[in-house]
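Here's a quick walk through a protein model, written for someone who'd rather be at the bench. Have the structure open while you read.

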Amino acid sequence: MEKYASIFKALADEYRLRILSLLFKQECCVCEIQQALGISQTSASRHLQNLHQAGLVKLRRDGLWALYSVNWAEFTPDLKKVMQSVSAMLEQNPQADTDFGQLKSSCRRSNG
């Protein structure tokens, strides 16, 4: 039960949902999320850490970049269903579209 509570606590935050909406579409670094959501790097990192501790996202290093993505491979079948539902809900959210538009002009994408 504690694991489920951790997952739902992680999902119970607007910024973490906005981050997930980006990560459902593509792998991102902290600076991309920071720019797309208009939040501080500290805040973006804190939200990503919370999602990571809940097991919802994974971290991959590529040189100097720390890249985050949805941790689909580690989800149980029940959690996969929950996350698919979350993804479908977020796809229909206007804020998610705005955030993704901002992501397209982020630091890593425009510089490399």
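What follows goes from the overall fold to the core, and then to a handful of residues.

**The overall picture**

Keep in mind that this is a predicted model. The protein has seven helices and three strands. Starting at the N terminus, the order of the elements is α-α-β-α-α-β-β-α-α-α. The radius of gyration is 13 Å, close to the 13 Å that the globule rule gives for 112 residues, so the protein is as compact as a globular protein of that length.

If you want a feel for its dimensions, the C-alpha trace spans about 40 × 30 × 25 Å along the principal axes. The accessible surface of the protein comes to about 6,600 Å², and carbon and sulfur atoms account for 50% of that. As for the inside, 42% of the 112 residues count as buried. Among contacts between residues at least 6 apart in sequence, 62% join residues at least 24 apart.

**The core**

Which residues touch the most other members of the largest nonpolar core? They are Leu20, Leu22, Leu23, Ile33, Leu56 and Met83, out of 29 residues in that core. At least two core residues each come from helix 1 (2-11), helix 2, helix 3 (30-37), helix 4 (41-53), strand 3 (65-70), helix 5 (77-91) and helix 6 (94-103). Helix 2 supplies the largest share, five residues.

**Helix 2**

Helix 2 covers residues 14-25, and at 1.5 Å a residue its twelve residues should span 16 Å; the end C-alpha atoms are 17 Å apart, which agrees. At the N-terminal end, Asp13 acts as a cap, with a side-chain oxygen 2.9 Å from the backbone nitrogen of Tyr15. The buried residues in helix 2 are Arg16, Arg18, Ile19, Leu20, Ser21, Leu22, Leu23 and Phe24.

Take Ile19, which lies in helix 2. Is Ile19 buried or exposed? With a relative accessible area of 0%, Ile19 is buried. Setting aside residues up to four places away in sequence, Ile19 touches Ile33, Leu37, Ala44, His47, Leu48 and Leu51.

Leu23 has its own set of partners. Again not counting residues up to four places away in sequence, Leu23 touches Cys28, Ile33, Leu48, Val57, Tyr68, Ser69 and Val70.

Tyr15 is another helix 2 residue, but at 30% relative accessibility Tyr15 counts as partly exposed. What does Tyr15 touch, not counting residues up to four places away in sequence? The answer is Leu37, Ile39 and His47.

**Helix 3 and the loop after it**

Helix 3 is mostly covered, with six of its eight residues buried. Those are Val30, Cys31, Glu32, Ile33, Ala36 and Leu37. Right after helix 3 comes Gly38, which has a positive phi near 70 degrees.

Where is Ser40 found? Ser40 is in the loop between helix 3 and helix 4, and at 40% relative accessibility it counts as partly exposed. The side chain of Ser40 reaches the backbone nitrogen of Ser43 at 3.0 Å.

**Arg60 in strand 2**

Moving over to strand 2 (residues 57-62), you'll find Arg60. Arg60 is partly exposed, with a relative accessible area of 39%. Leaving aside neighbours within four places in sequence, Arg60 is in contact with Glu27, Trp65, Ala66 and Leu67. With Glu27 there's a polar contact too, side chain to side chain, at 2.7 Å.

**Some pairs to look up**

To see how the chain brings residues together, try these pairs in your viewer.

| Pair | Apart in sequence | C-alpha to C-alpha distance |
|---|---|---|
| Ser40 and Val30 | ten residues | 9.7 Å |
| Tyr15 and Leu37 | 22 residues | 7.9 Å |
| Ile19 and His47 | 28 residues | 8.2 Å |
| Arg60 and Glu27 | 33 residues | 9.3 Å |

Two of these pairs start in helix 2, with Tyr15 and Ile19. In each case the partner is also a residue that is touched: Leu37 is among the contacts of Tyr15, and His47 is among those of Ile19. For the Arg60 pair, Glu27 is one of the contacts of Arg60.

Notes:
Residues are numbered from 1 along each chain as its sequence is written. This is a predicted model: local features need pLDDT of at least 70, side-chain atom pairs count only at pLDDT 80 or more; totals for chains, interfaces and linings use all residues. Side-chain values use heavy atoms; hydrogens and water are left out. Helices (H or I, at least four residues) and strands (E, at least two) are DSSP runs, numbered from the N terminus. The expected span of a helix is 1.5 Å times one less than its number of residues. Buried means under 20% relative accessible area, exposed over 50%, partly exposed in between (1.4 Å probe, protein chains only). A polar contact is a pair of N or O atoms within 3.5 Å; within protein, one must be able to donate a hydrogen and the other to accept it, and residues adjacent in sequence count only if both atoms are side-chain atoms. The radius of gyration is taken over C-alpha atoms; the globule rule is 2.2 Å times the number of residues to the power 0.38. Contact means heavy atoms within 4.5 Å. Accessible areas come from the Shrake-Rupley method with a 1.4 Å probe; for residues, only the protein chains shown count as cover. A nonpolar core is a set of buried Ala, Val, Leu, Ile, Met, Phe, Trp, Tyr and Cys residues joined through side-chain atoms within 4.5 Å.
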